[in-house]
Structures are given as structure tokens and as C-alpha cells.
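Please look through the sequence and the model that follow, with attention first to the surface, then to the overall fold, and finally to the interior.

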Amino acid sequence: DGQSQRRFTCKFCDFSASYTYYGQKPPNTRAIVLLEECFVTKDPFSPNKEKFLVLGSHCSICGKTVCVGTVR
């Protein structure tokens with residue numbers, strides 16, 4: 001598909017996945033603006049180009065890269 005594959009890794013749980021976009025307005029989406037800049041990838045389970053998954057972002061407190069998992 002020609003897009004460069006970059007890697008997202010959570011600093012706390014080591015979850016890792018390739019992402020296709022970082023920011024607030026994922027490509028191929030209509031009128032969707034995320035509240036934070038996020039690491040996003042296309043939904044591999046959907047043929048719809050508008051579907052995407054948010055992998056994580058930078059923590060607003062410590063600045064580390066973290067996934068969307070819950071804190072235990």
C-alpha cells in the first residue's frame with residue numbers, strides 16, 4: 001500500500017504494533033477529530049477504509065508513549 005510502517009510501543013506493558021498515522025485527524029475519515037494526538041492504524045478486521053484503531057498516545061502527565069490499556 002506504499003505507506004511506511006512505523007512502530008508504536010507502550011513504555012509500560014511493551015505492547016507493540018505498527019501504526020500508519022500519528023495526529024488528531026486520521027486519513028480517510030469524515031469529520032472525525034480526536035481529542036488528543038494519537039497513534040492510529042487501519043482496522044485490520046474491516047474492509048471499510050474509514051475504520052481505524054487507536055493504539056495509544058503520549059501521557060499528558062509524564063510524556064511517555066502509552067497504550068489505551070487500563071492501569072492496574
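How much area does the chain expose, and what share of it do carbon and sulfur atoms supply? The chain exposes about 5,400 Å², of which carbon and sulfur atoms supply 55%, with accessible areas taken from the Shrake-Rupley method with a 1.4 Å probe and, for residues, only the protein chains shown counted as cover. This is a predicted model, in which local features need pLDDT of at least 70 and side-chain atom pairs count only at pLDDT 80 or more, whereas totals for chains, interfaces and linings use all residues. Residues are numbered from 1 along each chain as its sequence is written, and side-chain values use heavy atoms, with hydrogens and water left out.

As for the fold, the chain holds 0 helices and 6 strands, where helices (H or I, at least four residues) and strands (E, at least two) are DSSP runs numbered from the N terminus. The radius of gyration of the chain, 12 Å, agrees with the value near 11 Å for a compact globule of 72 residues; the radius is taken over C-alpha atoms, and the globule rule is 2.2 Å times the number of residues to the power 0.38.

In the interior, 26% of the 72 residues count as buried, that is, under 20% relative accessible area with a 1.4 Å probe and protein chains only, against over 50% for exposed and in between for partly exposed. The largest nonpolar core has 7 residues, including Phe8, Cys10, Leu55 and Val66; such a core is a set of buried Ala, Val, Leu, Ile, Met, Phe, Trp, Tyr and Cys residues joined through side-chain atoms within 4.5 Å. Leaving aside neighbours within four places in sequence, Val66 is in contact (heavy atoms within 4.5 Å) with Phe8, Cys10, Phe12, Leu55, Gly56, Ser57 and Cys59.
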